[in-house]
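Let's take a walk through a protein model together, starting with the whole and ending with a handful of residues. Keep the viewer open so that you can follow along.

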Amino acid sequence: MGVDEWLEHYRVAWEERDPDRAAALFTEDAVYWSSPFREPHRGWQGIHAYWTRATGSQNDTSVRFGRPIVEKNRVAVEWWTTMRDDGAEITLPGILFLRFAPDGRCEELRETWMVAEERREPHAGWGA
């Protein structure tokens with residue numbers, strides 16, 4: 001699986017709130033850092049549990065990715081998400097830093113993000 005295909009599966013998993021589909025994108029021993037200030041989620045079981053909690057209150061989710069920057073098995077890519085979370089309209093932009101295994105599954109994900117308490121569109125030139 002290539003980077004673009006992986007990102008598309010990740011997008012669909014998030015929009016459909018599908019922790020099974022999300023966890024399947026990672027190696028058995030993957031490490032998922034959902035924030036620099038949290039302990040990582042480890043392996044399929046940890047990633048599945050995190051996704052179940054994180055997406056459980058989300059609705060009307062729309063995920064966009066910018067153009068990925070690829071260097072061998074490492075990828076950096078911007079994302080821009082709008083949704084209702086616990087009924088509140090929010091915008092959640094961020095960056096994924098990914099490291100892939102030879103089979104195309106992700107073995108490490110680190111993300112940084114911030115939240116705005118309203119729906120916003122990306123600025124001109126975003127994701128380029």
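What percentage of the 128 residues in the protein do buried residues make up? The answer is 45%. Please keep in mind that this is a predicted model.

With that in hand, let's look at the overall fold. The protein contains three helices and seven strands, and along the sequence they come in the order α-α-β-β-α-β-β-β-β-β. The radius of gyration is 14 Å, close to the 14 Å that the globule rule gives for 128 residues, so the protein is as compact as a globular protein of that length. If you align the view with the principal axes, the C-alpha atoms fill a box of roughly 40 × 30 × 25 Å. Sequence separation is worth a look too: of the contacts between residues at least 6 apart in sequence, 54% join residues at least 24 apart.

Now for the surface and the charges. About 7,200 Å² of the protein is exposed, and carbon and sulfur atoms supply 51% of that area. The side chains include 16 positive and 23 negative ones, and the centres of these two sets lie 3 Å apart.

Let's zoom in, beginning at helix H1, which spans residues 3-15 and holds Ala13. Is Ala13 buried or exposed? Its relative accessibility is 0%, so Ala13 counts as buried. Beyond its neighbours within four places in sequence, Ala13 is in contact with Asp18, Arg21, Ala22 and Trp51. For a sense of scale, the C-alpha atoms of Ala13 and Ala54 are separated by 12 Å, with their positions 41 residues apart along the chain.

Next comes strand S1, residues 26-33, where you will find Trp33. Trp33 has a relative accessible area of 21%. Because buried means under 20%, this residue is classed as partly exposed. Which residues does Trp33 contact, leaving aside its neighbours within four places in sequence? They are Arg38, Pro40, Glu108, Leu109, Arg110 and Glu111. One of these partners, Leu109, is 76 residues away along the chain, yet its C-alpha atom is separated from that of Trp33 by 5.9 Å.

Strand S1 also holds Glu28. With a relative accessible area of 48%, Glu28 is partly exposed. Not counting residues up to four places away in sequence, Glu28 touches Gly43, Trp44 and Arg105. With Arg105 there is a polar contact between the two side chains, at 3.4 Å. The C-alpha atoms of Glu28 and Leu96, by contrast, are separated by 19 Å, and these two residues are 68 apart along the chain.

Moving on to strand S3, residues 58-65, we meet Gln58. Its relative accessibility is 7%, so Gln58 counts as buried. What does the side chain of Gln58 make a polar contact with? The partner is the side chain of Trp14, at 2.8 Å. The Gln58 side chain also reaches the backbone oxygen of Ala54, at 3.0 Å. Setting aside residues up to four places away in sequence, Gln58 touches Trp14, Arg17, Met83, Arg84 and Asp85.

Trp14 turns up again when we look at Thr81, a residue of strand S5. Thr81 has 0% relative accessibility and therefore counts as buried. Apart from neighbours within four places in sequence, its contacts are Trp14, Thr61, Ser62, Val63, Ile90, Thr91 and Leu92.

Finally, a word on backbone torsions. Most residues other than glycine have a negative phi. Two aspartates here are worth picking out in that light. Asp60, in strand S3, has a positive phi of about 50° although it is not a glycine. At 49% relative accessibility, Asp60 counts as partly exposed. Where is Asp86 found? Asp86 sits in the loop between strand S5 (74-85) and strand S6 (88-100). Its phi is positive as well, at about 55°, and Asp86 is not a glycine either. At 68% relative accessibility, Asp86 counts as exposed.

Notes: Residues are numbered from 1 along each chain as its sequence is written. This is a predicted model: local features need pLDDT of at least 70, side-chain atom pairs count only at pLDDT 80 or more; totals for chains, interfaces and linings use all residues. Side-chain values use heavy atoms; hydrogens and water are left out. Helices (H or I, at least four residues) and strands (E, at least two) are DSSP runs, numbered from the N terminus. The radius of gyration is taken over C-alpha atoms; the globule rule is 2.2 Å times the number of residues to the power 0.38. Buried means under 20% relative accessible area, exposed over 50%, partly exposed in between (1.4 Å probe, protein chains only). Contact means heavy atoms within 4.5 Å. Accessible areas come from the Shrake-Rupley method with a 1.4 Å probe; for residues, only the protein chains shown count as cover. Lys and Arg count as positive and Asp and Glu as negative; His and the chain ends are not counted. The place of a charge is taken as NZ of Lys, CZ of Arg, CG of Asp or CD of Glu. A polar contact is a pair of N or O atoms within 3.5 Å; within protein, one must be able to donate a hydrogen and the other to accept it, and residues adjacent in sequence count only if both atoms are side-chain atoms.
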